[in-house]
Amino acid sequence: MSNNKLDFARMRFYCDENRCIHCDGCSVACAEAHELPVEISRRKVITVNEGKQGMEFSLSVACMHCTDAPCEQVCPVDCFYIREDGIVLHDKDKCIGCSYCLYACPFGAPQFPKNGAFGTKGVMDKCTMCAGGPDETNSEHERELYGQNRIAEGKVPVCAAMCSTKALLVGDSESVSNIFRQRVMASGHGVQSAPYGWDKAYGK
């Protein structure tokens with residue numbers, strides 16, 4: 001990576017597991033805003049340690065827009081590109097549906113609209129952090145392929161905007177770190193062990 005890339009703020013997602021209540025509002029908002037087909041789920045909520053009392057927590061997961069994105073490294077047709085702000089995007093006109101990116105991604109972010117063997121899954125789709133596609137025109141064709149370009153409008157991604165408990169944070173690394181640090185300090189003695197339930201979310 002060049003030194004120039006390090007000079008720019010890198011956009012990041014972070015899900016605060018102490019606040020996530022597994023309402024799926026983020027995934028529903030994403031699907032609605034981008035008019036995704038039923039087979040595509042750019043964002044999903046998973047529960048860790050499900051059924052284990054006191055150890056269960058939920059996380060909202062999507063493309064993490066990695067600094068050294070493994071999807072970009074394995075793509076044989078170079079359809080991935082990383083913007084200066086760190087957002088990892090892809091060009092659907094170049095994608096050949098080989099699924100290498102899916103095998104390489106530790107978060108399972110790449111999605112394919114069709115079930116089938118190697119090469120027949122259709123063109124890959126994934127979270128764009130609401131930054132659209134490769135063209136900055138935000139044309140109807142771009143919107144149809146990649147969904148809304150909220151970043152160009154100065155808005156946060158729709159998943160974070162719709163999170164009722166503000167568990168899903170997005171922004172440059174320093175901003176996200178500062179918000180989380182303030183939450184930890186406000187909780188008194190570090191991170192709380194119990195999840196952020198309905199009583200805390202709605203002040204009861």
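**Salt bridges, ring contacts and cavities**

Aspartate 85 pairs with arginine 83 in a salt bridge whose closest N and O atoms are 3D neighbours at 2.6 Å apart. In this predicted model, aspartate 85 has a relative accessible area of 18% and is therefore buried, the limit being under 20%. Its partner, arginine 83, is partly exposed, with a relative accessible area of 25%.

Side chains of opposite charge can pair when their charged atoms come close. The structure contains five salt bridges. Another of them joins aspartate 125 to arginine 42, and here the closest N and O atoms are 2.6 Å apart. This pair links distant parts of the chain, 83 residues apart: aspartate 125 belongs to the loop between α4 (100–104) and α5 (140–146), while arginine 42 belongs to the loop between α2 and β2 (44–48). Aspartate 125 counts as buried because its relative accessibility is 6%, and arginine 42 counts as buried at 4%. Arg42 and Asp125 also belong, with Lys92, to a network of salt bridges. Lysine 92 has a further contact, lying over the face of tyrosine 146 at 5.6 Å from the ring centre.

A salt bridge also connects aspartate 16 with arginine 183, with 3.1 Å between the closest N and O atoms. Aspartate 16 is in the loop between β1 and α2 (25–33) and arginine 183 is in helix α7, so the bridge ties together parts that are 167 residues apart in sequence. Both aspartate 16 and arginine 183 are buried.

Strand β1 and helix α7 also take part in a ring contact. The count of aromatic pairs comes to one. In this pair, the ring centres of tyrosine 14 and phenylalanine 180 are 5.2 Å apart and the planes meet at 65°; because planes over 60 degrees apart count as edge-to-face, the pair falls in that class. Tyrosine 14 lies in strand β1 (residues 11–15) and phenylalanine 180 in helix α7 (residues 173–186), so the contact ties together parts that are 166 residues apart in sequence. Tyrosine 14 is partly exposed, at 28% relative accessible area, and phenylalanine 180 is partly exposed at 22%. Elsewhere, the charged end of arginine 43 sits over the ring of phenylalanine 13, 4.5 Å from its centre.

The empty space inside the model remains to be described. A search of the whole structure finds four cavities of 30 Å³ or more. The largest has a volume of about 100 Å³. Its lining consists of 15 residues, with Cys20, Ile21, Cys23, Cys26 and Cys163 nearest the centre. By class, nine of the lining residues are nonpolar, five are polar and one is charged.

Conventions. Residues numbered from 1 in each chain as written. Predicted model: local features only at pLDDT ≥ 70, side-chain atom pairs only at ≥ 80, totals over all residues. Heavy atoms only, no water. 1 Å grid on protein atoms, 1.4 Å probe; cavity = no way out; pocket = protein on both sides within 12 Å on 5 of 7 lines; lining within 4 Å. Points joined across faces, edges and corners; volume = space filled by probe spheres on them. Nonpolar A, V, L, I, M, F, W, Y, C, P; charged D, E, K, R; others polar. Phe/Tyr/Trp six-rings, centres within 6.5 Å; stacked < 30°, edge-to-face > 60°. Helix = DSSP H or I, 4+ residues; strand = E, 2+ residues; numbered from the N terminus. Buried < 20%, exposed > 50% of the residue type's maximum accessible area, 1.4 Å probe, protein only. Lys NZ or Arg CZ within 6 Å of the ring centre and 35° of its normal. Salt bridge = Lys/Arg side-chain N within 4 Å of Asp/Glu carboxyl O.
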